[in-house]
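How do the strands and helices of this chain fit together? Take a look at the sequence and the structure first.

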Amino acid sequence: MAVYLYSGGTILDATGAAPKPGHALLVEGNRIARIGPEAAVKAYADHNHPGYVAIDARGATVMPGLIDVHVHISYGDITSAEELNIYTSAEYRTLRGAHNLKKVLRAGVTAICDPGGTWRVSTALRDAVNAGLIEGPRMVAASQYLSTYNGIGGVFPVWVEQPPSAFSVLCNSQDEMVAEVRRQVRDGVDIIKVAGDGDIHRNTDVSYGSLTPEDLQAIAGMTHRLGKRCTIHARGNRAAREACEAGFDWIIHASYITDDTIDAFVERRTPINPTLSLLANIVEWGPDLGAAAVVVEHMKRELDAVHTNLSKAYRAGVPIMAGTDSGQSSVPYGEWHARDGRDPGRDQERGVRA
Ligand SMILES: [Zn+2]
């Protein structure tokens with residue numbers, strides 16, 4: 001059993017307690033065996049594990065691994081819909097995903113959720129990490145988003161058939177949605193991802209998706225019946241609220257939620273992942289990354305809405321999950337995980353943009 005003694009650093013135990021300088025941490029195998037004043041932990045290690053490996057943590061903070069609930073490992077820091085949906089094989093994506101998982105892990109992230117992507121890349125990588133074949137964080141894996149023509153997964157014009165390489169699968173009736181949940185769970189996903197409403201690149205109003213409350217209930221019902229969880233892309237108020245009421249386990253974005261909807265979230269304790277890094281980075285660097293002016297403008301508006309609405313939600317007690325949307329070119333793997341999940345309200349009060 002490998003034993004490691006980390007000393008000289010500041011221990012942050014993430015229980016809410018103040019950081020502890022002058023403390024040490026001892027790891028026996030895969031367990032944290034001791035945290036305490038340096039001399040005491042070292043004496044224990046000297047006595048019980050004379051062959052331990054000493055790690056000099058001077059100048060560093062020793063803390064638990066981070067969790068990022070929003071890393072699309074199959075995307076590959078993409079810059080266009082075509083690159084995402086067409087031009088990369090499953091095989092290349094999987095190898096690239098393994099490379100990128102290592103970056104995420106080395107950035108201090110020991111657990112991620114991949115809420116949707118192409119092929120079976122995410123579940124395959126999850127299994128490879130679990131089998132010890134590759135280095136990476138623990139993964140909760142989805143497969144392709146369930147989308148109607150009217151959600152973000154309705155990527156192409158209706159005269160182009162949806163390619164099997166797309167990040168989404170089109171389901172335009174409730175029967176198709178429920179069948180797709182069954183298929184994906186049979187295929188090994190941990191979580192179902194739904195495209196609840198739109199995005200702006202295709203001139204669709206962000207606030208509208210075409211899923212009905214009954215559709216959402218049918219998806220959540222079958223997902224939970226099969227012992228899995230579901231989440232949804234919902235920037236607008238309607239999709240966020242209806243998904244919350246249908247029992248979705250957590251909601252992604254929820255940027256435009258109103259006070260009534262916040263009450264519904266509080267009542268159900270439904271968490272929100274705002275993806276602050278994505279929004280702020282596109283506002284700041286979108287033009288350099290080739291984002292259209294309309295997209296940058298839209299993200300600016302959305303970031304302002306998030307400051308107002310999600311600060312209110314946070315203060316009202318809605319749990320906020322840190323998740324970067326890594327895998328987009330504006331949020332490259334390994335770079336932003338530790339910078340997401342700040343309290344946007346407090347940042348704003350301090351004059352800092354998210
Ligand atoms: Zn995403």
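The report below covers domains, sheets and helix packing.

## Domains

This is a predicted model. The domain assignment of the protein gives two parts: domain 1 spans 3-62 and domain 2 spans 66-349. Between the C-alpha centres of domain 1 and domain 2 lie 37 Å.

## The mixed sheet

One open sheet has 4 strands, in the order S5-S4-S1-S6. Its pairing is mixed. Which strands stand at the edges? They are S5 (31-37) and S6 (53-56). Each has a single partner strand, so one side of each is left without a neighbour in the sheet. From one strand to the next, the twist averages 20 degrees.

Strand S1 covers residues 3-7. S1 and S6 run parallel and are joined by 4 bridges. In one of these pairings, Tyr 4 has Val 53 of S6 as its bridge partner.

## The parallel sheet

A second set of 3 strands also forms an open sheet, ordered S8-S9-S10. Here the pairing is parallel. S8 (66-68) and S10 (138-141) are the edge strands, and each pairs on one side only. The twist averages 10 degrees from one strand to the next.

Now the pairings within this sheet. S8 and S9 are parallel and joined by 3 bridges. Ile 67 stands opposite Ala 111 in S9. Strand S9 holds residues 109-114. On to S10: 4 bridges join S9 to S10, and the two run parallel. Cys 113 has Val 140 in S10 as its bridge partner. Asp 114 stands opposite Ala 141, also in S10.

A helix packs on this sheet. Helix H4, residues 121-130, lies across S9 and S10. At what angle does H4 run to S10? The value is about 150 degrees.

## Helix pairs

The table lists three helix pairs with their axis geometry.

| Helix pair | Axis distance | Angle |
|---|---|---|
| H5 (residues 174-186) and H6 (residues 213-225) | within 9 Å | roughly 20 degrees |
| H3 (residues 90-106) and H4 | within 10 Å | roughly 50 degrees |
| H7 (residues 237-245) and H8 (residues 259-268) | 10 Å | about 25 degrees |

**H3 and H4.** H4 appears again here, this time against a helix. Are H3 and H4 roughly parallel or oblique to each other? Their axes cross at roughly 50 degrees, and H3 and H4 are therefore oblique. H3 passes H4 in a right-handed crossing. On the H3 side, the contact uses Ala 90, Arg 93, Thr 94, Gly 97, Ala 98 and Leu 101. On the H4 side, they meet Val 121, Ala 124, Leu 125, Ala 128 and Val 129. By class, the contact of H3 with H4 has 8 nonpolar residues, 2 polar and 1 charged.

**H5 and H6.** The axes of H5 and H6 cross at roughly 20 degrees. The two helices are therefore roughly parallel to each other. Their crossing is right-handed. H5 contributes Gln 174, Met 177, Val 178, Val 181 and Arg 182 to the contact. H6 contributes Glu 214, Asp 215, Ala 218, Ile 219, Met 222 and Thr 223. The contact of H5 with H6 divides into 6 nonpolar, 2 polar and 3 charged residues. The charged members include Arg 182 of H5 and Glu 214 and Asp 215 of H6.

**H7 and H8.** These helices pack at an angle of about 25 degrees. H7 and H8 are therefore roughly parallel to each other. What is the hand of the crossing where H7 passes H8? It is left-handed. From H7, the contact takes in Asn 237, Ala 240, Arg 241, Cys 244 and Glu 245. Their counterparts in H8 are Thr 261, Ala 264, Phe 265 and Arg 268. The contact of H7 with H8 holds 4 nonpolar, 2 polar and 3 charged residues.

## Putting it together

H4 links two parts of the picture: H4 lies across S9 and S10, and residues of H4 such as Ala 124 and Leu 125 are among those met by H3. S9 pairs with S10 through 4 bridges, and S8 joins S9 through 3 bridges. In the mixed sheet, S1 is joined to S6 by 4 bridges.

Conventions: Residues numbered from 1 in each chain as written. Predicted model: local features only at pLDDT ≥ 70, side-chain atom pairs only at ≥ 80, totals over all residues. Pairing = 2+ DSSP bridges. Axes fitted to C-alpha atoms, helices over the stretch in contact; angles between N-to-C directions. Contact = placed C-beta atoms within 7 Å. Domains from an automatic or database assignment. Parallel < 35°, antiparallel > 145°, perpendicular 65-115°, else oblique. Left-handed = near helix turned anticlockwise from the far one by under 90°.
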